[in-house]
Amino acid sequence: MIRKPRKGACAAALAVLLAGCGGEDGIDPKDAAQVARGEPLYHRHCASCHGAQLEGQPDWRQRRADGRLPAPPHDASGHTWHHPNELLVNITRDGMVPPWAPEGYASDMPAFARVLSDDEIRATLAYIQSTWPAEVWAARAQMAQQRR
């Protein structure tokens with residue numbers, strides 16, 4: 001007897017598969033060469049704030065006395081994975097400024113447009129994303145589905 005898979009199980013499996021298919025936006029955490037290019041870029045330009053293990057700064061959800069938030073983690077414990085790739089590229093390239101942040105928002109996140117090419121930014125993001133577990137990819141796929 002052939003059993004039909006449950007509809008929800010098929011949708012979940014498809015979401016995970018689609019989330020794992022990188023490259024349509026130039027960021028592919030399954031591309032070993034791109035990840036290898038991104039890792040040293042992350043350590044050179046990002047780790048001083050976001051941590052060598054992508055752990056972020058302590059108390060990253062608590063505003064400091066100057067009103068700014070510490071650098072968040074880029075691992076699964078943070079919120080980076082909640083954002084679409086296009087936004088992540090734009091924030092990395094331009095900094096936390098409008099339209100990527102509210103008017104008047106103060107942030108220590110610098111703009112990397114004069115430091116990193118768009119390809120280098122995508123490679124850095126591929127490295128970050130290569131560390132995320134399957135649960136994060138399933139949640140990202142579900143969030144992407146909801147945005148459509």
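Here is a short chat about aromatic pairs and helix H5 in a predicted model.

Visitor: What are the ground rules here?
Guide: Local features need pLDDT of at least 70 and side-chain atom pairs count only at pLDDT 80 or more, while totals for chains, interfaces and linings use all residues. Side-chain values use heavy atoms, with hydrogens and water left out, and residues are numbered from 1 along each chain as its sequence is written.

Visitor: How many aromatic pairs are there?
Guide: Rings of Phe, Tyr and Trp (its six-membered ring) pair if their centres lie within 6.5 Å; planes under 30 degrees apart are stacked, over 60 edge-to-face, and the rest tilted. By this rule, the count is two.

Visitor: Why is the pair of tyrosine 42 and tyrosine 127 called stacked, tilted or edge-to-face?
Guide: The ring centres sit 5.6 Å apart. The planes meet at 45°, so the pair is tilted.

Visitor: How many residues apart in sequence are the parts that this pair ties together?
Guide: Helices here are DSSP runs (H or I, at least four residues), numbered from the N terminus. Tyrosine 42 lies in helix H2 (residues 32–45) and tyrosine 127 in helix H5 (residues 118–130), so the parts tied together are apart in sequence by 85 residues.

Visitor: Is tyrosine 127 buried or exposed?
Guide: Buried means under 20% relative accessible area, exposed over 50%, partly exposed in between (1.4 Å probe, protein chains only). With a relative accessible area of 8%, tyrosine 127 is buried.

Visitor: Which helices cover the buried residues of H5?
Guide: Contact means heavy atoms within 4.5 Å. The buried residues of H5 include Ile121, Leu125 and Tyr127. What covers the buried residues of H5 includes H2, helix H4 (85–94) and helix H6 (134–147).

Notes. Helix = DSSP H or I, 4+ residues; strand = E, 2+ residues; numbered from the N terminus.
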